[in-house]
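Visitor: I am new to reading protein structures. Could you show me one and explain the words people use for it?

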Amino acid sequence: MNSSCAATFVRSASRKSVALSRPKQIRSYSSLPRPYRFHVGTSWAGKPHDPRGPRVKSSPFPPDSPIGKWRDQMLSKPNAPAGKHIGEDFFYVQDMREKSGISLGVADGVGGWTESGVDPSLFSQALMYHAHRYSKAAWPGEPEVDPTQEYEEREQVEGWELTPLECLESAYGGVLRERNVLAGSSTACVLTLNASNGLLRAANLGDSGFLVIRASSVIYQQRSQTHFFNCPKQLSKLPTSPKRFSRACVDNPSDADLCEMKLRHGDIVIAYTDGLSDNVFPAEMVAICSLVARQFQLSKRTITSVGEQEAEQVSEDLEAQAMAERIVDYARMCMFNHKRVSPFERAAAREGMYFRGGKVDDVTVIVTIVQEAI
């Protein structure tokens, strides 16, 4: 299905998503007087269980444990009908200290561990939990100080700067210390968005990633990191019996690709796991976002109430959420379409392999719309 087909799908699927009274939980990352504001939408869908695959006796994090409570809180966010079934993926979205920016990330647990009786979802959940934990108390850039304060007062500013690479390193260390994660692997993509200067910084390891849309064009897309076809670079934790897992890939956070770029008003940042990039072409993501944005523009023109600015902020939140949901819906549709050439099929052909149609996988998407005060 090409971009025009994607356009047709979105036009019919998202018609009910533009009403400003939509009963969603709203999270507006407004940090005035900081000039940048970020509106975030999240959506996900776990792949259906393969009856031919191995069954894993999993012991998920208990609901009353720190990770379990946080996991359930993240999965209670607005989402498409997929509900809490996120599969082996996970994600986080976190305000940084004093709402100086946001930190967000996605992780894809490596499914090959199921053949060894290991639940891959535990690694990705723990990795994202610790990334959230470390970024919560940190700044996306140098700690902000009030220039009118005395020098001694400025020295007492709490917190520290945390880069995406440092966040990934700290989170990985947390997983290695986590007793409930006996083994596993995961890809990871971690980003910070600075509300003071609009700077995006990212660290990506593996075949998850992100792209930036500006004026209906993809101006940046993170490249995948792989050892060989369909084997991404990954953070790993090996059990105490290494001989049994001698073929596991063990990469370091320092192997991550780093990116730094300045965002502008109207930019759209999409972070995703490979369940999206293996099934949906970048041009189709642009088409979906453009159609959703066009529908919301029509809604914004009808706003005439006293709370116009507040209503517009709510509209931006709903717009980001609608984009995330429509993208995931389209990816799920493409997964089961064997008559359509997918990005994964093309990648396989370049390696001399035969694969037809979409790739059935977990998919997780975080959409961020950037607003700059003028």
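Guide: Gladly! Let us begin with one word: contact means heavy atoms within 4.5 Å. Please keep in mind that this is a predicted model. Of the contacts in the chain with a separation of 6 or more, 76% are between residues 24 or more positions apart.

Visitor: What makes up the chain, in terms of helices and strands?

Guide: The chain has nine helices and 14 strands. Its exposed surface comes to about 17,400 Å², and carbon and sulfur atoms supply 51% of that.

Visitor: How many residues are there in the chain, and what percentage of them is buried?

Guide: There are 374 residues, and 55% of them are buried. A residue counts as buried when its relative accessible area is under 20%. Over 50% it is called exposed, and in between it is partly exposed.

Visitor: Let me try that on some residues. Why is Leu291 called buried?

Guide: Leu291 has 9% relative accessibility. The cut-off for buried is under 20%, so Leu291 counts as buried. You will find Leu291 in helix α7, which covers residues 282-300. Along the sequence, Leu291 and Met323 are 32 residues apart, while in space their C-alpha atoms are 9.0 Å apart.

Visitor: And how do you know whether Asp251 is buried or exposed?

Guide: The same kind of reasoning works. Asp251 has a relative accessibility of 6%; set against the limit of under 20%, that value makes Asp251 buried. Asp251 lies in the loop between β11 (235-237) and β12 (257-262).

Visitor: Which residues does Asp251 touch, leaving out those up to four places away in sequence?

Guide: Asp251 touches Tyr172, Leu205, His227, Lys233, Gln234 and Leu235. Another residue to look for is Gly206: it is 45 residues from Asp251 along the chain, with 9.5 Å between the two C-alpha atoms.

Visitor: What makes Thr226 partly exposed?

Guide: Thr226 has a relative accessible area of 42%. Partly exposed covers the range between under 20% and over 50%, so Thr226 belongs there. Thr226 sits in strand β9. Apart from neighbours within four places in sequence, Thr226 is in contact with Cys231, Pro232 and Lys233. The C-alpha atoms of Thr226 and Asp207 are 7.0 Å apart, and 19 residues separate the two along the chain.

Visitor: Now for the backbone. Why would anyone point out a positive phi?

Guide: Because most residues other than glycine have a negative phi. Glu98 has a phi near 55 degrees, which is positive, and Glu98 is not glycine. Glu98 is in the loop between β3 (89-95) and β4 (101-109). Asn230 also has a positive phi, near 65 degrees, and is found in the loop between β9 (226-228) and β10 (231-232).

Visitor: How do you know which of the words exposed and partly exposed fits Glu98, and which fits Asn230?

Guide: Glu98 has a relative accessible area of 57%; exposed means over 50%, so Glu98 is exposed. Asn230 has 43%, and this value falls in the range between the two cut-offs, so Asn230 is partly exposed.

Visitor: Why are helices α3 and α5 called oblique to each other?

Guide: The axes of α3 (residues 121-136) and α5 (residues 164-177) come within 8 Å and cross at roughly 130 degrees. Roughly perpendicular runs from 65 to 115 degrees, and roughly antiparallel needs over 145. The angle fits neither range, and α3 and α5 are therefore oblique. Their crossing is right-handed. Residues that meet there include Phe123 and Leu127 in α3 and Cys167 and Val175 in α5. By class, this contact has nine nonpolar, four polar and two charged residues.

Visitor: What makes α2 roughly perpendicular to α3?

Guide: The axes of α2 (residues 66-74) and α3 cross at roughly 90 degrees and come within 10 Å. The range for roughly perpendicular is 65 to 115 degrees, so α2 is roughly perpendicular to α3. Pro66, Ile67, Trp70 and Arg71 of α2 make the contact with Gln125, Ala126, Met128, Tyr129 and His132 of α3. These residues divide into six nonpolar, two polar and one charged.

Terms used:
Residues numbered from 1 in each chain as written. Predicted model: local features only at pLDDT ≥ 70, side-chain atom pairs only at ≥ 80, totals over all residues. Heavy atoms only, no water. Helix = DSSP H or I, 4+ residues; strand = E, 2+ residues; numbered from the N terminus. Buried < 20%, exposed > 50% of the residue type's maximum accessible area, 1.4 Å probe, protein only. Areas by Shrake-Rupley, 256 points an atom, 1.4 Å probe, with all protein chains shown as cover. Axes fitted to C-alpha atoms, helices over the stretch in contact; angles between N-to-C directions. Parallel < 35°, antiparallel > 145°, perpendicular 65-115°, else oblique. Left-handed = near helix turned anticlockwise from the far one by under 90°. Nonpolar A, V, L, I, M, F, W, Y, C, P; charged D, E, K, R; others polar.
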